[in-house]
Amino acid sequence: MTYTTLALVAVALTVLLDMAVLRTRLLTRRVFWVAYAIVLGFQLVTNGVLTGGNVVSYDDDAIVGWRIAYAPVEDLLFGFALVVQAMSWWVRWANVGRSRSAAGGSRPLGSGW
Amino acid sequence: MTYLLVLAGIVLVTLPLGVWTGVYGQWRRLLLTVIPVLAVFVAWDVYAIGRGHWRFDPDQTTGVGVGSVPVEELLFFVVVPVAAVIALEAVRKARGWDYR
């Protein structure tokens, strides 16, 4: 499989993870899209530095050849998958490390579980 | 060193936000977030590096790796997910928009 194919599959599986498996449904939330836009901006800069500076280079046969800020467009798909998976797991594990008092409130535990 | 410096830059930029949002305080939750992401993306990296999809400049990386995966990549798959989570929590806190 090429990088292109893998990246497209990764995006599809990531959408499935968010919407159907973990059911975090971040892709339906405004807070996600605004955060992702910010992350994307930084991705274009940092990835531009890494690829423009040839820290990482790509096999021409593995990509379609379109680039944005020096990086293969496939990196946008890779980045989307990475970011959404991370955020989805984070939301899934909400309340890890928090306790609930008898009154029904919740507070961070600090160093205890 | 270039790749490491870029990663250090990401950490530096997100540091104050990580504190302000309380993300660093939720380190157990961070661990449970990073582990599944690392598993998926290290596997992808191993496959891609093995097939030659991408390669790394030996002059700009340390050359230290775990198998074929450069240590910089392993750090990348920790640093970027944490930065993404910090971004999510920062927007959530700044705007008052929830994800529930």
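The largest pocket has a volume of about 670 Å³. The model in which it appears is predicted. In total, 34 residues line this pocket. Those nearest its centre are Gln43(A), Thr46(A), Ile10(B), Phe76(B) and Val80(B). Both chains supply elements to the lining of the largest pocket. From chain A, H2, S1 and H3 each provide at least two residues. From chain B, at least two residues each come from helix H1 (2–21), strand S1 (54–56) and helix H3 (71–95). H3(B) gives the most to this lining, with 10 residues. By class, the lining of the largest pocket holds 25 nonpolar residues, 6 polar and 3 charged.

The contact between the two chains was examined next. Rolling a probe the size of a water molecule over the atoms shows where empty space is left. The size of an interface, in turn, is often given as the accessible area lost when the parts come together. For chain A and chain B, the buried area is about 4,000 Å². Carbon and sulfur atoms account for 73% of that area. Chain A brings 45 residues to the contact, and chain B brings 42 residues. The count of salt bridges between chain A and chain B is 0. Polar contacts do occur across the interface: 11 residue pairs are found, with both residues at pLDDT 80 or more.

On the side of chain A that touches chain B, four elements each supply at least two residues. They are helix H1 (3–21), H2, strand S1 (56–58) and H3. H2(A) provides the largest share of this side, 11 residues. By class, the side of chain A that touches chain B has 32 nonpolar residues, 10 polar and 3 charged.

Enclosed space was also assessed. The structure holds 1 cavity of 30 Å³ or more. The volume of the largest cavity is about 30 Å³. Its lining includes Gln43(A), Leu44(A), Asn47(A) and Gly48(A). Ile68(A), Ala69(A), Ala71(A) and Pro72(A) also line the cavity, as do Asp75(A) and Leu76(A). In chain A, helix H2 (30–52), strand S3 (71–72) and helix H3 (74–92) each supply at least two residues of this lining. H2(A) gives the most, with 4 residues. By class, the lining of the largest cavity has 6 nonpolar residues, 3 polar and 1 charged.

Some parts recur across these results. Gln43(A) lines the largest cavity, and Gln43(A) is also among the residues nearest the centre of the largest pocket. H2(A) gives the most to the cavity lining and supplies the largest share of the side of chain A that touches chain B.

Definitions and conventions:
Residues are numbered from 1 along each chain as its sequence is written. Chains are lettered from A and ligands numbered from 1 in the order in which they are written. This is a predicted model: local features need pLDDT of at least 70, side-chain atom pairs count only at pLDDT 80 or more; totals for chains, interfaces and linings use all residues. Side-chain values use heavy atoms; hydrogens and water are left out. On a 1 Å grid over the protein atoms alone, a cavity is a set of points where a 1.4 Å probe fits but cannot get out, and a pocket is an open set with protein on both sides within 12 Å along at least five of seven lines; lining residues have an atom within 4 Å of a point. Grid points are joined across faces, edges and corners, and a volume is the space filled by probe spheres set on the points. Ala, Val, Leu, Ile, Met, Phe, Trp, Tyr, Cys and Pro count as nonpolar, Asp, Glu, Lys and Arg as charged, and the others, Gly among them, as polar. Contact means heavy atoms within 4.5 Å. Buried area is the accessible area (1.4 Å probe) that two parts lose on being put together, summed over both. A salt bridge is a side-chain nitrogen of Lys or Arg within 4 Å of a carboxyl oxygen of Asp or Glu. A polar contact is a pair of N or O atoms within 3.5 Å; within protein, one must be able to donate a hydrogen and the other to accept it, and residues adjacent in sequence count only if both atoms are side-chain atoms.
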